[in-house]
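Reader: Got a minute to walk me through this one? I'd like to get a feel for the fold before I go back to the bench.

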Amino acid sequence: MVKKRWLAVIGLSIVIVIVYAHDRTYYRDTVPFLAPINFDGDVPIRCDELGDGEFGASRKGRRTHKGLDILAEVGTPARAAKSGWVAVGNVPDGMGKYVRIRHRGGLVTIYGHLSKINVRRWQKVRQGDIVGETGKTGNADHPAIVPHLHFEVRNHGSSVDPLDYLESSKVRQHDEEAVVDSVAYELE
Ligand SMILES: [Zn+2]
């Protein structure tokens, strides 16, 4: 009786280890940080009569901009910068429809003003997966505001400049292999 119980415990432990190892491999990032939008050359940052898209730019009511506004036509795919767990929301007077991804190591990325959300709450995504499409929801819904993705990075709860991550990673363009991977994943 005791022997049987031990065999069950060992068997279950082996299954857990195999599932965990598979999960770690499947969700392993191919690059340290992936640009959420595909662009050529320097990061295209919003600058229009209603605001400057840099991190830390001043906003109404002595607030500062907590993200980086990356120029993108409405309907541009927004991709997960790293793999992680998804949360979604809608702030009509703020960043509109958004996706938030919690990554390993205390990092969180946020994708705002989306027109479409392709993921669900609690879903786990891989780096490069399309989490939604850019848009003009929330306070970006103004003709004078050029279409962009509001992109935030939080490190252990504090907002940090996404540009540091985009530049230090040396990955400004979307990795083609990751695109192929994510397309295959979507078809599954
Ligand atoms: Zn913004």
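Author: Sure. One term before we start: two strands pair if DSSP finds at least two bridges between them. Keep in mind too that this is a predicted model.

Reader: Okay, so which residue in β9 does R100 stand opposite?

Author: R100 stands opposite I110 there. β8 and β9 run antiparallel, with five bridges joining them.

Reader: And what's in the turn of that β8 and β9 hairpin?

Author: Four residues separate the two strands, and G105 takes a positive phi near 85° in that hairpin.

Reader: What about β7 and β8, how many bridges there?

Author: Seven, and the two strands run antiparallel. W85 has R102 as its bridge partner, and G89 stands opposite Y98. β7 and β8 also form a hairpin, with four residues between them.

Reader: Which way does β7 pair with β10, parallel or antiparallel?

Author: Antiparallel, over two bridges; β7 covers residues 84-91 and β10 covers residues 124-125. One of the partners to look at is V125, which bridges to G84.

Reader: Why do you call β8 largely enclosed?

Author: Because six of its seven residues are buried, β8 is largely enclosed by the rest of the structure.

Reader: Which residues touch the most other members in the largest nonpolar core?

Author: V99, Y111, V131 and L149, out of 27 residues in that core. The elements giving two or more residues to this core are β5, β8, β9, β12 and α2. β9 gives the largest share, four residues.

Reader: Zoom in on Y111. What is it in contact with, leaving aside its neighbours within four places in sequence?

Author: P36, A78, Y98, V99, V131, G132, L149 and F151. Two of those names came up a moment ago: Y98 stands across from G89, and V99 is among the core residues touching the most other members.

Reader: Switching topic: is α1 well covered or hardly covered?

Author: Hardly covered: among its 25 residues, the count of buried ones is zero. α1 runs over residues 2-26 and reaches 36 Å from its first C-alpha to its last, close to the 36 Å expected at 1.5 Å a residue.

Reader: And L34, buried or exposed?

Author: Buried, because 25 other C-beta atoms lie within 10 Å, and 20 or more is the cut-off for that. L34 sits in the loop between α1 and β1. L34 and G128 are 94 residues apart in sequence, yet their C-alpha atoms are 7.1 Å apart in space.

Reader: How about R121, buried or exposed?

Author: Exposed, because R121 has 12 C-beta neighbours inside 10 Å and 12 or fewer counts as exposed. R121 lies in the loop between β9 and β10. Leaving aside neighbours within four places in sequence, R121 is in contact with V86, A87 and V88.

Reader: Now the big picture: how many helices and strands in the protein chain?

Author: Three helices and 13 strands. Buried residues make up 34% of the 188 residues. Among contacts between residues at least 6 apart in sequence, 67% join residues at least 24 apart.

Reader: Last one: where does pLDDT stay under 50?

Author: Over residues 178-188, where the model has 13 contacts beyond four places in sequence. For the protein chain, the mean pLDDT is 89, and 88% of residues reach 70 or more.

Definitions and conventions: Residues numbered from 1 in each chain as written. Predicted model: local features only at pLDDT ≥ 70, side-chain atom pairs only at ≥ 80, totals over all residues. pLDDT = per-residue confidence, 0-100. Contact = placed C-beta atoms within 7 Å. Core = buried A, V, L, I, M, F, W, Y, C linked by C-beta atoms within 7 Å. Expected span 1.5 Å × (residues − 1).
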